[in-house]
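Reader: I would like to go through this structure with you, one topic at a time. Could we begin with the terms you use?

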Amino acid sequence: MAHIVELQPEVIRQLRASLNITTLQQCVEELVANALDADASQIDIGFDAEKYTVRVDDDGTGIIPNQLTHLCKRNVTSKCKTLDDLRHVHTFGYRGQALASLADIAIVQIISRFHQAEEVRMGIWKDGKLLETSLNQPRQRGTTVIVRDLFYKFPVRRRFLVSVGRISESIRRWVITMALAFPHIGFTLQDRDTKILVTKKRSSELNILHRLYGYEFAQNIRSFEYNDDTDVKLRGLFGITPYPSKNQQFIYINRHPIGSKHSLYQAVIETFAASSIVAEKSKKGKGVIEKHPIFLIHIEDPNLSSYDISLYLLDEHKVYPKLQNLVRQLVANFLRTHNFISSAAYKQLVHLTDVPAKRKKTSFSSVVVASPSWLYETEESKKDAINFIDRSRLRKTLSRKITSEITKRNTATKIDTSMISTPTVAVSFPQQRYEGPAVRLSKEDLKDAQVLGQIDNKFILIKLNTNGRQLLLVDQHAADERVQLERMLWSLKDTTEATQLDPSIAIDLSSAECRLAQKYAAQLDRWGFRLSIALAASTSSRTNEENEEATPTVILRYSEHFSTRETSSHFEKKKSLTLVTRLPRLIADRCIVNKDILRDLICEYLHSLDRIQEYQNQVENEVDDDQEINSFTFLHGCPHGMMSILRSKACRGAVMFNDSLTMEQCRWLIQALSNCRFPFQCVHGRPSMVPLVALDANTPRRHRINWGRFNV
């Protein structure tokens, strides 16, 4: 560590620095930046928003003992001295303002041991003045900075600070941003007595993402690099599936995080908008799930100093247009390499015919399943991956491509196509009920069924070779949603894949509901829900302790009928917000979009568990009304609200009417339907197929049926 000196006057004039710390998070940011500049490998952060206290411990190089008294003075730093240093500085701090600003508005205590010394020095500052210095107890190398009573001079500023829950989430979000920039450094974040974030030292950002958001999230991440002819290097991690919020978007320049409102983000988002990853929405409204790209981009430019980056953040630096163009080329090359954009769109994005790029092999397989509805494949379905239905392209299929496919298929089977004028055959059915013999079907009948073709882009015509050779019309939408629902249900067996939320979702729960959430935490965790109810827990435990010491009589005035020794739950006030930190992956997108659905789901589930326990003897042999829960034994205890969301997702993600399917896709769908437990009804309980006619094998045919006319 260099000696701490005052900046030269010309440097002070050039910087024109004046730092005002106005939030608790800004205090944390400045202290963590100092720890990073000290080459720390472990940074522990603690804060108490209610007491306006922050503590940051690191194992960095420490402060030279005789230099401790020079701290907390303005324009004093060890990282920059001259104007030439200013052009080459690469540390976060170099202005000499952070500690001085904190010492003016709080009580600052610094304890440090220099890595080449044995003694530990401690100093305390208040009102910008050094109050005392002394030797301290032995400790490991590094520095501890404790800020107490922040903003004690500004009670109005304290009054207008955001809620405690929002402060905690905001700081957690920022620490995650820094952990992704420095994966080789371990971070811990503690809110009072609760650890809300722990990231261990990892070799790459992908390992951090895996740790924070789980295997399912990391599995959909691809790495990519792009280098131009200069010294600038760009590398990134990109998601091949969208995310319902913008919280998984990060851009860094020389590991300095760039704010999400910067125009660089807009450049990346605009480039992604031309790809198939982010589906376009015709209109926004209630219930519409936003889809945003996932990206983490590192820009490494050795010619940019920290001072240059600070100017670049304000869009004042001359290299800004160049970096913006490089970022667009990085994203466009990634999208083109993985076939998410067409060649024409790629050329339009980069304004070049061929842009050379040094590409790095991804650590995961580059095979991409385009349809989100088939993400839950089984081992058997992986063999038939070629027959998966790509719903993202169904409505965009051109008529001439369908006609070409039909002509090719009919030529191979020597079928006369002269009577087919359009690729879609509209069939009018007589308005009369089926009057043939009663038909009793089984799943085995469907397994041996012969698929004849798609009718009117709405139904699949199949012929059963059993039960007297029946012709059946299968509703393609009902069949596909049934397949999707049961595929999702099977994924819930044994364990439920969960998504770590960033940021967490705040919901209102009463104190009674918070106690239920604590009581049934294991049941919630089984289905992928995790709640952070530390405040409610402490309040509840404190209340129980007080009740054990003395049982006061609570009297509700003005009526003798309300006199009671216990406070009625109807008069309980709502406690502080409860944070939902983890959700089941299958329903996370819906719950993030609509928090009311999430709250109602959790509350209904907690109360139902409480009722079941209260009347356990009466209901232990009772049959659930939900047929799926009764049939799939591993679903016993599944929240009914969760089942409703799964049914809704299966319905909206299924093949719709007017979606054209190939013969292979029709066969695959019927085969998948035959493996379902309830193949003859949709997720809403309505029939998924209807008998059309019974074919009598003994009746001679007047002419041969041209089944090819139905095969469109």
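Author: Certainly. Helices and strands here are DSSP runs, of at least four residues for a helix and at least two for a strand, numbered from the N terminus. Please note that this is a predicted model.

Reader: Understood. Where does Ser342 lie, then?

Author: Ser342 is located in the loop that runs between helix H11 (320-337) and helix H12 (343-350).

Reader: Is Ser342 buried, exposed or partly exposed?

Author: Ser342 counts as partly exposed, because its relative accessibility is 42% and that class covers the range between 20% and 50%.

Reader: Which backbone atom lies 3.2 Å from a polar atom of the Ser342 side chain?

Author: That is the backbone nitrogen of Ala345. As for residues farther along the chain, the C-alpha atom of Ser342 is 9.0 Å from that of Ala274, and 68 residues separate the two in sequence.

Reader: Let us turn to the chain overall. How many helices and strands are there?

Author: The protein chain has 25 helices and 24 strands. Of its 712 residues, 46% are buried. Among contacts between residues at least 6 apart in sequence, 72% join residues at least 24 apart.

Reader: I should like to hear about helix packing. At what angle do H2 and H6 cross?

Author: The axes of helix H2 (residues 24-37) and helix H6 (residues 164-181) cross at roughly 25° and come within 10 Å. Angles under 35 degrees count as roughly parallel, and H2 and H6 are therefore described as roughly parallel to each other. The crossing of H2 past H6 is right-handed.

Reader: Which residues make that contact?

Author: On the H2 side, they are Leu24, Gln25, Val28, Glu29, Val32 and Leu36. H6 contributes Ile167, Ser170, Ile171, Trp174 and Met178.

Reader: And helix H4: why is it described as largely enclosed?

Author: Helix H4 (residues 98-105) is largely enclosed by the rest of the structure because seven of its eight residues are buried. Those buried residues are Ala98, Leu99, Ala100, Ser101, Leu102, Ala103 and Ile105.

Reader: What covers them?

Author: The cover includes H2, together with strand E5 (107-113), strand E6 (121-126) and strand E8 (142-148).

Reader: On to cysteines. How many disulfides are there?

Author: The count is zero disulfides. Cys651, for instance, is in no disulfide, and the nearest cysteine sulfur, that of Cys682, is 7.7 Å away. The cut-off for a disulfide is a sulfur pair within 2.5 Å.

Reader: Are Cys651 and Cys638 buried or exposed?

Author: Cys651 counts as buried at 19% relative accessibility. Cys638 also counts as buried, at 3%.

Reader: What of Lys649: where does it lie, and is it buried or exposed?

Author: Lys649 lies in helix H24 (residues 640-653). Lys649 is buried, because its relative accessible area is 18% and buried means under 20%.

Reader: Which residues does Lys649 touch?

Author: Leaving aside residues up to four places away in sequence, Lys649 touches Leu586, Asp589 and Arg590.

Reader: One last topic, backbone angles. What is phi for Asp127 and for Asp456?

Author: Asp127 has a positive phi of about 55°, although it is not a glycine. For Asp456, phi is near 60°, a positive value in a residue other than glycine.

Reader: Where are they found?

Author: Asp127 is in the loop between E6 and strand E7 (129-135), and it is partly exposed, with a relative accessible area of 37%. Asp456 lies in the loop between strand E16 (450-455) and strand E17 (459-464).

Technical notes
Residues numbered from 1 in each chain as written. Predicted model: local features only at pLDDT ≥ 70, side-chain atom pairs only at ≥ 80, totals over all residues. Heavy atoms only, no water. Buried < 20%, exposed > 50% of the residue type's maximum accessible area, 1.4 Å probe, protein only. Polar contact = N/O pair within 3.5 Å; in protein donor to acceptor, adjacent residues only side chain to side chain. Axes fitted to C-alpha atoms, helices over the stretch in contact; angles between N-to-C directions. Parallel < 35°, antiparallel > 145°, perpendicular 65-115°, else oblique. Left-handed = near helix turned anticlockwise from the far one by under 90°. Contact = heavy atoms within 4.5 Å.
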